[in-house]
Protein chains: 4
Amino acid sequence: MKYSREKLSEEKVFKDPVHRYIHVRDRAIWDLISTKEFQRLRRVKQLGTTYLTFHGAEHSRLNHSLGVYEIVRRIVDDVFEGRSEWNQEERLLSLCAALLHDLGHGPFSHSFEKVFDLDHEEFTREIILGSTEVNAVLRRVAPDFPKKVSDVIAKTYKDKLVVSLISSQIDADRMDYLQRDAYFTGVSYGHFDMERIMRVMRPREDQVVIKQSGMHAVEDYIMSRYQMYWQVYFHPVSRSAEVILTKILHRAKHLYARGYTFKQEPVHFRSLFDGNVTVEDYLKLDEAVILYYFQVWEAEEDVILRDLCLRFMNRKLFKYVEFHPSNDQMNKLMELNRLFKKAGIDPEYYLVVDSSSDLPYDFYRPGEEEERLPIHLLKNNGEIRELSRESEIVDAISGKRRTDHKLYFPADLLRDESTKKNVKRQIRELLELS
Amino acid sequence: MKYSREKLSEEKVFKDPVHRYIHVRDRAIWDLISTKEFQRLRRVKQLGTTYLTFHGAEHSRLNHSLGVYEIVRRIVDDVFEGRSEWNQEERLLSLCAALLHDLGHGPFSHSFEKVFDLDHEEFTREIILGSTEVNAVLRRVAPDFPKKVSDVIAKTYKDKLVVSLISSQIDADRMDYLQRDAYFTGVSYGHFDMERIMRVMRPREDQVVIKQSGMHAVEDYIMSRYQMYWQVYFHPVSRSAEVILTKILHRAKHLYARGYTFKQEPVHFRSLFDGNVTVEDYLKLDEAVILYYFQVWEAEEDVILRDLCLRFMNRKLFKYVEFHPSNDQMNKLMELNRLFKKAGIDPEYYLVVDSSSDLPYDFYRPGEEEERLPIHLLKNNGEIRELSRESEIVDAISGKRRTDHKLYFPADLLRDESTKKNVKRQIRELLELS
Amino acid sequence: MKYSREKLSEEKVFKDPVHRYIHVRDRAIWDLISTKEFQRLRRVKQLGTTYLTFHGAEHSRLNHSLGVYEIVRRIVDDVFEGRSEWNQEERLLSLCAALLHDLGHGPFSHSFEKVFDLDHEEFTREIILGSTEVNAVLRRVAPDFPKKVSDVIAKTYKDKLVVSLISSQIDADRMDYLQRDAYFTGVSYGHFDMERIMRVMRPREDQVVIKQSGMHAVEDYIMSRYQMYWQVYFHPVSRSAEVILTKILHRAKHLYARGYTFKQEPVHFRSLFDGNVTVEDYLKLDEAVILYYFQVWEAEEDVILRDLCLRFMNRKLFKYVEFHPSNDQMNKLMELNRLFKKAGIDPEYYLVVDSSSDLPYDFYRPGEEEERLPIHLLKNNGEIRELSRESEIVDAISGKRRTDHKLYFPADLLRDESTKKNVKRQIRELLELS
Amino acid sequence: MKYSREKLSEEKVFKDPVHRYIHVRDRAIWDLISTKEFQRLRRVKQLGTTYLTFHGAEHSRLNHSLGVYEIVRRIVDDVFEGRSEWNQEERLLSLCAALLHDLGHGPFSHSFEKVFDLDHEEFTREIILGSTEVNAVLRRVAPDFPKKVSDVIAKTYKDKLVVSLISSQIDADRMDYLQRDAYFTGVSYGHFDMERIMRVMRPREDQVVIKQSGMHAVEDYIMSRYQMYWQVYFHPVSRSAEVILTKILHRAKHLYARGYTFKQEPVHFRSLFDGNVTVEDYLKLDEAVILYYFQVWEAEEDVILRDLCLRFMNRKLFKYVEFHPSNDQMNKLMELNRLFKKAGIDPEYYLVVDSSSDLPYDFYRPGEEEERLPIHLLKNNGEIRELSRESEIVDAISGKRRTDHKLYFPADLLRDESTKKNVKRQIRELLELS
């Protein structure tokens with residue numbers, strides 16, 4: 001039998017707390033799940049540092065990847081199958097792309113990408129196309145199959161309907177992570193009626209559209225997304241941990257560049273520091289490795305690296321105050337910078353502005369930095385209309401970007417009056433710390 | 001103000017998916033949570049290798065410890081307070097013991113304890129009594145407070161009522177883990193009406209008793225426990241991972257004893273191998289460290305160590321068949337042992353019998369290996385009766401130990417016919433593999 | 001197109017809190033739901049008087065009937081379809097029998113059947129076979145179709161597999177009501193993994209069997225059933241309401257027989273009193289009608305009828321004490337009987353023994369009053385084994401009948417000392433009322 | 001002991017599916033629940049005709065009333081107690097007002113109020129102040145207590161903080177019904193984090209305010225409310241049933257006025273028809289009584305009354321089309337009116353425009369018809385700000401009234417071509433029925 005059509009002799013199921021069961025019938029999907037590149041995702045947390053705020057958020061990217069796969073499977077098998085606008089030949093491609101879309105995420109992705117100028121999408125592509133177990137499985141389907149999967153994930157695949165299943169403003173990726181992250185954090189946001197949304201999804205030539213009757217469920221989904229961003233993803237305490245993590249990496253990179261001798265050679269980091277990471281190196285990076293180094297670095301000579309690692313590992317985080325980037329505040333920041341130096345606390349590592357920004361929904365604005373695919377409704381008369389033209393609620397929030405700025409610093413050091421008592425007092429006054 | 005009575009200026013809450021919120025008012029509790037020994041529990045999974053079977057089971061022991069604390073807090077503050085049988089002076093002690101009862105758990109505890117002959121309870125004691133941040137906080141309460149906390153956890157504390165809150169057949173520990181593990185795995189077992197059970201708990205001189213009206217909720221709890229054991233905790237796939245993990249540790253220890261030169265010196269393991277682990281060494285062991293070594297060992301010279309590590313990290317687990325320890329089966333096992341050697345597959349590492357055994361509930365049987373505290377019901381007339389004398393369901397299963405034996409082996413190696421074709425065929429026939 | 005194969009142009013869905021959605025594609029099912037006999041089930045509560053104990057239990061039999069239909073639909077369409085042991089020709093028959101199995105239930109069935117010697121199964125049959133809207137729809141499928149549906153419900157249909165879907169110890173009827181009643185009462189019992197049980201159901205010649213791997217889910221189901229019986233269905237407060245209800249009907253019947261003149265002619269009751277109820281009369285009986293009469297009877301001349309109606313409508317229920325039918329207790333009961341008469345409180349209406357009894361599970365015992373179909377497990381090797389031979393838990397409780405007896409009386413009347421002070425005191429002492 | 005302070009010897013609990021348990025300690029609350037006026041609420045559905053669309057929505061107003069009581073109890077006992085701004089003397093008053101706020105609701109309130117020009121708030125007041133069991137209990141607390149309770153419900157009580165607990169844009173009434181109606185219908189809207197909102201509520205002189213940190217939970221609540229209105233409360237199918245119900249009452253009233261002789265004298269309706277309903281009459285009206293009459297009227301001589309009753313009882317509802325009140329549409333409506341008459345279908349009863357309209361949230365607009373109490377946030381610095389000035393989402397939807405108009409008619413009659421074939425065809429064309 002052709003491998004692309006091969007079914008398992010008996011369906012396999014994984015118990016999943018969010019979707020109840022993940023169902024696998026296709027041999028190729030089972031084989032992909034069994035690759036080492038996919039299993040590595042068990043060692044990368046879905047929400048990075050969020051577990052330091054919401055202790056339940058310890059779930060991995062493997063967890064989420066299985067969920068996205070299952071959602072696409074249900075849409076394709078339960079809703080699209082048999083509809084003329086859907087090309088059943090794209091089924092396995094859609095499932096593989098869903099399963100593998102996050103394959104290139106590294107440990108604590110966000111900080112790593114920033115500090116080492118990496119791009120997880122680029123790594124996803126390289127893992128799929130390179131000499132890996134994943135690639136071997138995909139090639140068994142067809143020689144050009146890895147390229148197709150990679151194109152779907154990169155949004156360059158010609159069949160935009162397939163792309164939109166995992167990349168749009170209401171795709172399987174978002175639907176899974178909103179629910180999953182809500183489940184593991186335990187917050188009461190993040191709930192919406194996914195079953196209803198799936199049931200009213202309809203395939204169209206270049207995207208998935210939503211039947212008009214599901215509009216309210218979509219509104220609910222958009223509000224959930226908004227709440228999850230501000231209540232969970234941008235939580236200031238997680239961002240504090242993220243700030244410290246970023247500064248650890250900066251410091252280690254800086255020390256390495258300066259020729260500093262680490263007690264234990266940071267083998268796993270070398271190519272990162274040198275800026276020439278291969279896929280092979282990259283796949284060895286997972287959060288266990290990172291946390292191992294952070295523990296080792298708790299005993300480093302360098303005071304800053306040591307302190308930051310102790311903070312991260314033992315959750316002694318930075319505190320924060322609101323920071324609005326006005327002239328006044330910028331001047332205050334410069335003054336604080338000066339005072340931190342005077343107090344012997346390096347502001348490069350200990351005085352950090354962090355901004356978060358989100359757009360809950362937007363219609364298509366050509367030419368803009370990120371050209372978002374808007375959500376389209378399918379009316380009873382067959383007409384297709386962009387969501388915000390039908391929904392007053394969505395219209396009201398469309399395109400409204402919200403931004404939040406915070407200034408992070410180690411309040412404990414500023415309170416320790418054993419040295420530099422006066423300057424620390426000045427700093428505390430400027431920061432309005434009690 | 002006395003530290004033992006000191007309250008936070010504002011209550012702190014942690015969002016918890018199982019108990020909704022964890023509430024902290026006591027300064028001492030807050031300080032304990034902030035110690036590095038407690039934070040280390042974030043890097044030890046609650047369910048060891050179970051996440052390889054139930055992908056949601058990635059939650060940590062910190063997660064569970066906060067849960068046990070919260071349950072005891074609710075019992076003590078919402079149910080016991082004001083009752084004459086309850087000594088309010090024991091409140092903080094109960095909370096601290098609940099929070100810290102698992103402090104000494106190492107990474108993948110079970111396997112580590114077995115291979116290196118460790119005892120997590122002993123380490124809990126040493127961390128509480130030793131020179132640690134936890135000890136410093138507890139000493140601020142009173143000089144003899146660390147000893148008291150340690151005694152409660154060791155079940156030797158004089159006030160057996162306090163002990164029974166966290167160590168009995170219906171304690172806060174079990175009530176938390178059953179619900180929490182059910183939540184994170186997503187199984188539908190593990191649910192029972194904890195709120196009801198808590199509301200009918202009554203303090204008595206030497207233990208917590210349950211009002212008769214709560215008997216059915218307790219029956220439900222016992223059945224949940226039974227199901228969780230057989231459906232989750234003893235799941236044969238997790239046990240397969242546990243078998244491999246144990247064999248990795250055995251192999252590494254064996255190689256070290258034999259003077260083998262590891263590519264990277266296994267610093268963290270040295271005192272374990274030498275059998276002289278200090279608390280300080282022990283606290284450096286967490287699952288990130290272990291997984292780091294396993295990854296490094298994937299590239300070791302030793303074929304067995306390398307293979308086992310690759311299996312564990314990439315979830316290429318052993319398969320299993322039922323194994324009933326009859327004479328026939330024992331003979332078969334010896335025959336298999338012989339054939340494995342002949343096939344060049346070391347049976348010491350690749351042919352493993354694993355048994356699991358559980359007693360869902362038992363009344364007190366003095367002199368038995370583990371003297372279990374039975375559950376007592378408080379009847380309306382004030383009489384106290386042991387549960388199995390009142391509940392037919394519990395009576396029916398009381399003292400019925402159930403045991404399950406399985407034989408684990410690497411089916412993939414046995415199917416690989418590039419070498420030793422005939423002997424492998426013989427093995428497969430004996431194991432009745434298709 | 002043949003009516004039996006006719007599909008709706010678009011699937012209809014009902015939002016259901018237990019199964020999320022009820023899906024209807026078949027024209028015949030849709031037409032049955034729209035009949036007046038089926039809609040009448042909206043006016044009959046699923047749990048009779050239980051809403052007086054659990055205020056959430058206000059759901060109707062229509063609610064439950066849709067649920068049973070949906071479970072059978074999922075089993076047949078998602079699990080059985082395509083299996084050789086399943087005859088797809090029986091699909092619509094199974095669905096109709098599931099939907100209509102409770103059609104003959106009257107208001108507060110239990111009491112009505114007892115007092116007026118009715119049999120709801122007989123009425124179900126008559127409604128299906130008689131001159132009704134339901135019959136008209138079924139006849140459109142085939143002339144012998146009403147008879148077939150009726151036979152399935154009566155368990156006399158030749159294809160026992162179809163019968164077992166709605167009548168066995170693990171049928172769609174029980175699976176729906178356990179979950180539904182748990183949901184509406186809000187109790188934490190009644191949960192089990194129905195999705196898993198459905199997935200492991202397999203059609204066999206004469207019954208549905210359960211794959212061995214689902215045994216634990218079945219154990220959990222049996223325990224849920226046990227808990228629901230004792231916690232909800234046999235709750236002593238609901239039984240108190242049931243006792244009063246029964247006595248109201250007795251009294252009204254007695255008065256009618258005696259030639260009593262009711263202020264308003266009890267038209268709806270006449271044929272009941274006369275013992276010659278037709279289907280047409282019967283279909284006019286619903287709980288709105290009954291409650292209407294009870295309200296009217298609150299103003300009747302007869303003191304007993306008036307008092308009992310006021311009690312039922314305003315939830316002034318009888319109290320109860322345990323009653324074990326020993327010689328001593330029987331003597332006490334006779335003494336109480338005597339004293340009640342002396343106190344001017346008619347014991348026939350005000351001193352009532354009520355017993356409840358349940359058998360959580362039983363294997364087949366030929367010749368016994370109710371020949372129960374046991375649950376059979378399908379082992380991996382194809383062998384079929386009765387559940388209690390495989391499950392220790394089930395074995396432990398198999399065939400263990402539990403019975404509970406209570407004695408009901410109006411405590412308020414006994415405390416009212418305006419008359420018969422002494423004899424009431426004696427009664428209270430005998431009943432050990434404080 | 002003073003009755004107002006009297007506690008039950010043991011706390012009573014009701015199992016509640018929404019709030020888990022309803023707790024009663026106060027003797028007065030227990031006594032109020034036991035009154036016949038309160039028990040009558042079991043026979044009035046919380047959502048009127050909605051059960052004909054969402055079959056789970058069969059819950060009663062008693063259900064909801066207990067829920068509102070429990071929410072106020074938790075706010076007052078768990079959050080407000082001990083705060084200086086809260087007057088503990090108002091506790092029992094708040095609880096009683098919460099419990100009794102819906103006491104005057106009649107069967108299918110909305111339609112009854114419209115047709116018979118009644119006001120349920122007026123009846124609530126009369127029941128509390130009149131010669132009732134409820135009044136007797138309240139008077140035991142204090143002679144002026146009934147008046148106080150009535151004033152709180154009428155929003156005229158001097159302590160506006162107490163009033164705002166049950167009458168504001170975020171009161172216990174709304175918080176209960178949104179969650180409860182979502183639970184019983186089974187929709188996935190209606191969820192928000194009530195526990196969080198309660199925890200951040202603070203008493204202020206004239207209203208409850210919400211701490212800034214709870215703003216997102218409040219946003220979520222407002223969105224839930226919006227969705228519940230459009231998905232559940234204004235569902236066009238329920239409105240169809242409401243339309244028919246209203247027309248039944250109109251018809252019966254019209255017939256009575258005309259001197260029509262009913263087969264059975266409509267005793268319960270007489271004072272309604274005459275426009276002189278007393279409280280005593282009113283309390284006899286419940287949904288059982290109404291449904292009883294509707295069944296009896298199914299056999300009336302009058303064709304219209306009979307037909308409408310059959311429709312309501314057997315759920316043969318009217319269909320609908322969108323209707324926008326433009327000039328064109330108004331002309332079309334008049335044309336339809338003319339054609340209906342020509343077809344012999346009385347448009348007064350069979351051609352009905354129904355409009356629904358909602359304002360999801362509004363700030364205070366003095367002078368407007370309904371002066372809504374806006375939601376106020378309490379900022380960290382003590383400042384109080386109206387919600388829409390802080391929340392972008394709420395600001396976006398503030399004051400945006402949405403209205404929906406539909407035109408209802410009996411599609412079945414229009415399709416029946418046995419008479420007036422041509423004019424019915426014309427009507428169908430105008431209505432664009434296929």
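Tutor: Let's start with what "domain" rests on: the bounds come from an automatic or database domain assignment. Also keep in mind that this is a predicted model.

Student: Fine. What makes up the domains of chain A?

Tutor: There's domain 1 (3-233), domain 2 (235-316) and domain 3, which is written as 318-359 + 401-434. For domain 2 of chain A and domain 3 of chain A, the C-alpha centres lie 23 Å apart.

Student: How do you know which residues count as the contact of domain 2 of chain A with domain 3 of chain A?

Tutor: Two residues qualify if their C-beta atoms, placed from the backbone, lie within 7 Å. With that cut-off, domain 2 of chain A puts in ten residues and domain 3 of chain A puts in ten residues. On the domain 2 side, helix 13 (236-257) and helix 17 (303-314) of chain A each supply at least two residues. The largest share of that side, seven residues, comes from helix 13 of chain A. Sorted by class, the same side has five nonpolar, one polar and four charged residues.

Student: Helix 13 of chain A also packs on helix 5 of chain A. What makes their crossing right-handed?

Tutor: A crossing gets that name if the near helix is turned clockwise from the far one by less than a right angle. Helix 5 (residues 109-116) of chain A and helix 13 of chain A pack at an angle of about 35 degrees, with axes 9 Å apart. Helix 5 of chain A passes helix 13 of chain A in the right-handed sense.

Student: Which residues meet there?

Tutor: From helix 5 of chain A you get A:H110, A:S111, A:F112, A:K114 and A:V115. Facing them in helix 13 of chain A are A:E242, A:L245, A:T246, A:L249, A:H250 and A:K253. By class, that contact comes to four nonpolar, four polar and three charged residues.

Student: On to the chains. Why is the relation between chain B and chain C called a two-fold axis?

Tutor: Check the numbers: a rotation of 180 degrees, with 0.0 Å of shift along its axis, superposes chain B on chain C at an RMSD of 0.0 Å. That is the relation of a two-fold axis, so the name applies. In chain B, the C-alpha nearest the axis belongs to B:A396, 2.5 Å from it.

Student: How do you know that the same surface serves both copies?

Tutor: Of the contact residues of chain B, 100% recur in chain C. The contact itself takes 18 residues from chain B and 18 residues from chain C. On the chain B side, helix 12 (215-233) and helix 20 (392-397) each give at least two residues. Helix 12 of chain B has the largest share, seven residues. That side of chain B divides into eight nonpolar, five polar and five charged residues.

Student: What rotation and shift lay chain A on chain B?

Tutor: A turn of 180 degrees with a shift of 0.0 Å along the axis, giving an RMSD of 0.0 Å. Of the residues of chain A, A:A288 comes closest to the rotation axis, its C-alpha being at 2.0 Å. Here too the same surface serves both copies, as 100% of the contact residues of chain A recur in chain B.

Student: And what makes up that contact?

Tutor: It takes 31 residues from chain A and 31 residues from chain B. Elements giving two or more residues on the chain A side include strand 1 (7-16), helix 3 (61-80) and helix 16 (287-297) of chain A. Helix 16 of chain A gives the most, with five residues. By class, that side of chain A has 13 nonpolar, ten polar and eight charged residues.

Student: Last one: where does UniProt place "domain: HD"?

Tutor: The unreviewed entry puts that feature at residues 61-178 of chain A. Over residues 61-178 the chain is 68% helix and 0% strand, and the end C-alpha atoms are 13 Å apart.

Technical notes
Residues numbered from 1 in each chain as written. Chains lettered and ligands numbered in written order. Predicted model: local features only at pLDDT ≥ 70, side-chain atom pairs only at ≥ 80, totals over all residues. Least-squares fit on C-alpha atoms with pLDDT ≥ 70 in both. Helix = DSSP H or I, 4+ residues; strand = E, 2+ residues; numbered from the N terminus. Nonpolar A, V, L, I, M, F, W, Y, C, P; charged D, E, K, R; others polar. UniProt positions renumbered as here; feature names shortened; annotations may be inferred. Axes fitted to C-alpha atoms, helices over the stretch in contact; angles between N-to-C directions.
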